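Subject: Structure for you, with notes

Hello,

Here is the structure I promised to pass on. Please open it next to these notes.

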Number of protein chains: 2
Amino acid sequence: MRLIIVCTMPGTSERARNTPQRRAIVDALREADRAVTAQELHERLSGVGLATVYRNLQRLADEGEADTLLRENGETAFMLCGAGHHHHLTCRRCGLVERIGDCRLDEWARQVAGEYGFTDVDHRAELVGICARCRAT
Amino acid sequence: MRLIIVCTMPGTSERARNTPQRRAIVDALREADRAVTAQELHERLSGVGLATVYRNLQRLADEGEADTLLRENGETAFMLCGAGHHHHLTCRRCGLVERIGDCRLDEWARQVAGEYGFTDVDHRAELVGICARCRAT
DNA sequence: ATCAATGCAAACACTTTGCATAAAA
DNA sequence: TTTTATGCAAAGTGTTTGCATTGAT
């Protein structure tokens with residue numbers, strides 16, 4: 001498994017209506033310890049239409065509530081991650097994701113970019129490895 | 001523009017046949033200073049079937065010749081980048097890509113991962129900014 | 001002469017959209 | 001009551017695949 005992370009920027013939008021479907025989706029996301037796709041959620045949540053799942057996930061991403069992870073096969077997976085700059089540490093075996101809050105890449109990024117004449121530097125990073133539980137198995 | 005980088009691992013495969021189509025594709029990639037998609041190449045190279053472009057790009061990626069970049073809209077773009085661990089510095093305005101050879105993230109990655117009980121850590125990072133030329137504009 | 005590569009079109013997988021209906025606010 | 005969300009099915013988009021044919025070796 002290889003995941004590619006895209007952290008979304010909070011956008012402006014109306015407050016979403018508190019429908020049972022949306023609640024179910026958010027709850028499922030909250031309980032998940034890994035990123036899930038729309039289709040996965042749709043299967044898990046019988047009674048919620050696929051389009052509804054897609055629409056809600058997209059909205060959560062737009063609102064900055066959810067992070068978006070692109071998988072190599074083209075799927076998009078989502079997870080609740082709150083705001084603030086952070087990275088992810090993903091288990092390449094089971095998909096478990098840890099949120100890495102402290103980032104010390106800014107200086108490196110700025111320096112490297114400067115060497116190439118770039119400004120307004122931003123960075124994204126992804127860590128993958130084997131989690132403790134999988135290692136034990 | 002936001003690009004997400006996936007560095008491919010070299011695989012085992014037969015030597016590809018030196019067809020004019022393949023030559024055209026590789027040449028186009030070599031001349032490009034940014035990542036290009038199959039569809040873009042297909043347009044540029046009249047006389048090369050779309051499927052052929054896809055197949056060659058995929059093969060180049062499998063061979064480790066080309067890096068793969070996932071765009072947010074689901075497109076996959078490719079660029080020749082040779083082997084070896086490296087990162088990319090992309091201009092978010094014009095798409096220009098610089099290859100960043102020296103990477104000092106290993107230590108950070110290992111340390112952070114260790115704190116969470118992860119082993120066999122690998123990392124991927126992407127830098128985006130505004131290149132000198134775009135800045136001048 | 002072989003066997004892989006090409007081209008085309010059909011098939012795929014994931015996601016988005018139109019529209020009538022249901023249901024928050 | 002007004003307005004947004006849902007569900008379904010149809011349409012979109014990027015990519016892959018089957019198969020006959022071409023062409024590199």
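Below are the ground rules, then chain A, then the two DNA strands.

This is a predicted model, where local features need pLDDT of at least 70, side-chain atom pairs count only at pLDDT 80 or more, and totals for chains, interfaces and linings use all residues. Residues are numbered from 1 along each chain as its sequence is written, chains are lettered from A and ligands numbered from 1 in the order in which they are written, and side-chain values use heavy atoms, with hydrogens and water left out.

Chain A

Chain A has 5 helices and 7 strands. These are DSSP runs numbered from the N terminus: helices are H or I with at least four residues, strands are E with at least two. Along the sequence the order is β-α-β-α-α-β-β-β-β-α-β-α. The C-alpha atoms of chain A fill a box of roughly 55 × 45 × 25 Å along the principal axes. Of its 137 residues, 45% count as buried, meaning under 20% relative accessible area (1.4 Å probe, protein chains only). Take the contacts in chain A with a separation of 6 or more: 59% of them join residues 24 or more positions apart. Contact here means heavy atoms within 4.5 Å.

One helix pair

Helix α1 (residues 20-31) and helix α3 (residues 50-63) of chain A pack at about 65°, with axes 10 Å apart. The axes are lines fitted to C-alpha atoms over the stretch in contact, and angles run from 0 to 180 degrees between N-to-C directions. The α1(A)/α3(A) crossing is right-handed, that is, the near helix is turned clockwise from the far one by less than a right angle. On the α1(A) side the contact uses A:Gln21, A:Arg22, A:Ile25, A:Val26 and A:Leu29. From α3(A) come residues including A:Thr52, A:Asn56, A:Leu60 and A:Glu63. By class, this contact has 6 nonpolar, 3 polar and 3 charged residues. Ala, Val, Leu, Ile, Met, Phe, Trp, Tyr, Cys and Pro count as nonpolar, Asp, Glu, Lys and Arg as charged, and the others, Gly among them, as polar.

DNA strand C

Strand C is surrounded by 25 residues. A residue is near a strand if one of its heavy atoms lies within 4 Å of it. The closest are A:Tyr54, A:Thr76, B:Gly49, B:Thr52 and B:Arg59. Sugar and phosphate make up 66% of the strand C atoms within 4 Å of the protein. The surface near strand C divides into 7 nonpolar, 11 polar and 7 charged residues. Three polar contacts (pairs of N or O atoms within 3.5 Å) are worth a look:

- A:Tyr54 has a side-chain N or O atom 2.4 Å from a phosphate oxygen.
- B:Thr52 has a side-chain N or O atom 2.6 Å from a phosphate oxygen.
- A:Arg17 has a polar side-chain atom 3.1 Å from a base nitrogen.

DNA strand D

Strand D is surrounded by 23 residues. The closest are A:Gly49, A:Thr52, A:Arg59, B:Arg17 and B:Tyr54. Of the strand D atoms within 4 Å of the protein, 65% belong to sugar or phosphate and the rest to bases. α3(A) gives the most to this surface, with 5 residues. By class, the surface near strand D has 5 nonpolar, 11 polar and 7 charged residues. Its contacts include these:

- A:Thr52 places a polar side-chain atom 2.7 Å from a phosphate oxygen.
- A:Gly47 has a polar backbone atom 2.9 Å from a phosphate oxygen.
- B:Arg17 has a side-chain N or O atom 2.7 Å from a base nitrogen.

Best wishes

Technical notes. A polar contact is a pair of N or O atoms within 3.5 Å; within protein, one must be able to donate a hydrogen and the other to accept it, and residues adjacent in sequence count only if both atoms are side-chain atoms. Buried means under 20% relative accessible area, exposed over 50%, partly exposed in between (1.4 Å probe, protein chains only).
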